[in-house]
Amino acid sequence: MPNLNTYHSLYSGRKEHVDSTRVQISTVSQELRMGLTVIADSGNAGLIYVGNSGVLAGTADDSCGFPLKADAAITIPIDDVSKVYAVASASESGTLYWTAL
């Protein structure tokens with residue numbers, strides 16, 4: 001496990017109103033050293049799909065993102081938080097929280 005004291009920046013944020021229109025988790029580019037953890041809010045009613053700029057809500061095998069139900073999380077080894085997108089299942093809206101190093 002890496003020594004977290006060697007990393008100088010911890011970033012975090014929230015993305016509200018994730019719905020059937022794909023959105024970036026963060027529009028601010030942040031260089032990451034270890035990646036990003038995304039957590040779905042406990043009050044979310046439906047699934048939120050997390051992926052790249054082409055992510056869709058479970059509609060195609062090659063573009064379906066990783067589904068997060070309420071209280072679920074995923075850690076993504078990625079170098080910039082602005083490269084991660086989310087979209088919710090058809091009629092649902094939800095909130096995501098994220099933290100990154």
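Contact, as the word is used here, means that heavy atoms lie within 4.5 Å. The structure is a predicted model, in which the protein averages a pLDDT of 87 and 88% of the residues score at least 70. Two open sheets are described below, one with the strand order 1-8-3-6 and one with the order 2-7-4-5, followed by the nonpolar core and by several individual residues.

**Confidence**

- Although the average pLDDT over the protein is 87, the value stays under 50 over residues 1-6, a stretch for which the model has 4 contacts beyond four places in sequence.

**The sheet with order 1-8-3-6**

- This open sheet is built from 4 strands with antiparallel pairing, and its edges are formed by strand 1 (11-18) and strand 6 (73-76), each of which pairs on one side only.
- Neighbouring strands of this sheet are turned against each other by 20° on average, when direction is ignored.
- Within the sheet, strand 3 (residues 36-40) and strand 8 (residues 94-100) are paired in the antiparallel sense over 5 bridges, and Ile-39 stands opposite Tyr-97 of strand 8.
- As general background, the strands of a sheet pair through backbone hydrogen bonds, in either a parallel or an antiparallel arrangement.

**The sheet with order 2-7-4-5**

- The open sheet with the order 2-7-4-5 likewise comprises 4 strands with antiparallel pairing, and its edge strands, pairing on one side only, are strand 2 (23-24) and strand 5 (66-68).
- Strand 2 runs antiparallel to strand 7 (residues 85-88) and is joined to it by 2 bridges, with Gln-24 standing opposite Tyr-85 of strand 7.

**The nonpolar core**

- The largest nonpolar core has 18 residues, and those with the most contacts inside it are Ile-25, Leu-36, Val-38, Val-50, Leu-68, Leu-96 and Trp-98.
- Two or more residues are given to this core by each of strand 3, strand 4, strand 6, strand 7 and strand 8.
- Val-50, one of the residues with the most contacts inside the core, touches, once residues up to four places away in sequence are set aside, Val-38, Val-55, Gly-65, Phe-66, Leu-68, Ile-76, Val-84, Tyr-85, Ala-86 and Leu-96.
- In soluble globular proteins, nonpolar side chains tend to be buried together.

**Two buried residues, Asn-44 and Tyr-49**

- Asn-44 is found in the loop between strand 3 and strand 4 (48-51), and it counts as buried because its relative accessible area of 11% falls under the 20% limit.
- A polar atom of the Asn-44 side chain lies 3.0 Å from the backbone nitrogen of Thr-95, and the contacts of Asn-44, leaving aside neighbours within four places in sequence, are with Ala-70, Gly-94 and Thr-95.
- Tyr-49 has its place in strand 4 and is likewise classed as buried, since its relative accessibility is 10% and buried means under 20%.
- The C-alpha atoms of Tyr-49 and Phe-66 are 5.1 Å apart in space, while the two residues are 17 residues apart in sequence.
- Beyond neighbours within four places in sequence, Tyr-49 is in contact with a set of residues including Val-55, Leu-56, Cys-64, Gly-65, Phe-66 and Pro-67, and also including Tyr-85, Ala-86 and Val-87.

**Exposed residues, two of them with positive phi**

- His-17, which is found in strand 1, has a positive phi of about 60° although it is not a glycine, and its relative accessible area of 61% makes it exposed, because that class begins over 50%.
- Asp-71, in the loop between strand 5 and strand 6, is a residue other than glycine whose phi is positive, near 70°, and at 57% relative accessibility Asp-71 counts as exposed.
- Pro-77 lies in the loop between strand 6 and strand 7 and counts as exposed, at 76% relative accessibility.
- Exposed as Pro-77 is, leaving aside neighbours within four places in sequence it is in contact with Met-34 and Gly-35, and the C-alpha atoms of Pro-77 and Met-34 are separated by 6.3 Å although these residues are 43 residues apart along the chain.

Technical notes:
Residues numbered from 1 in each chain as written. Predicted model: local features only at pLDDT ≥ 70, side-chain atom pairs only at ≥ 80, totals over all residues. Heavy atoms only, no water. Pairing = 2+ DSSP bridges. Axes fitted to C-alpha atoms, helices over the stretch in contact; angles between N-to-C directions. Buried < 20%, exposed > 50% of the residue type's maximum accessible area, 1.4 Å probe, protein only. Polar contact = N/O pair within 3.5 Å; in protein donor to acceptor, adjacent residues only side chain to side chain. pLDDT = per-residue confidence, 0-100. Core = buried A, V, L, I, M, F, W, Y, C linked by side-chain atoms within 4.5 Å.
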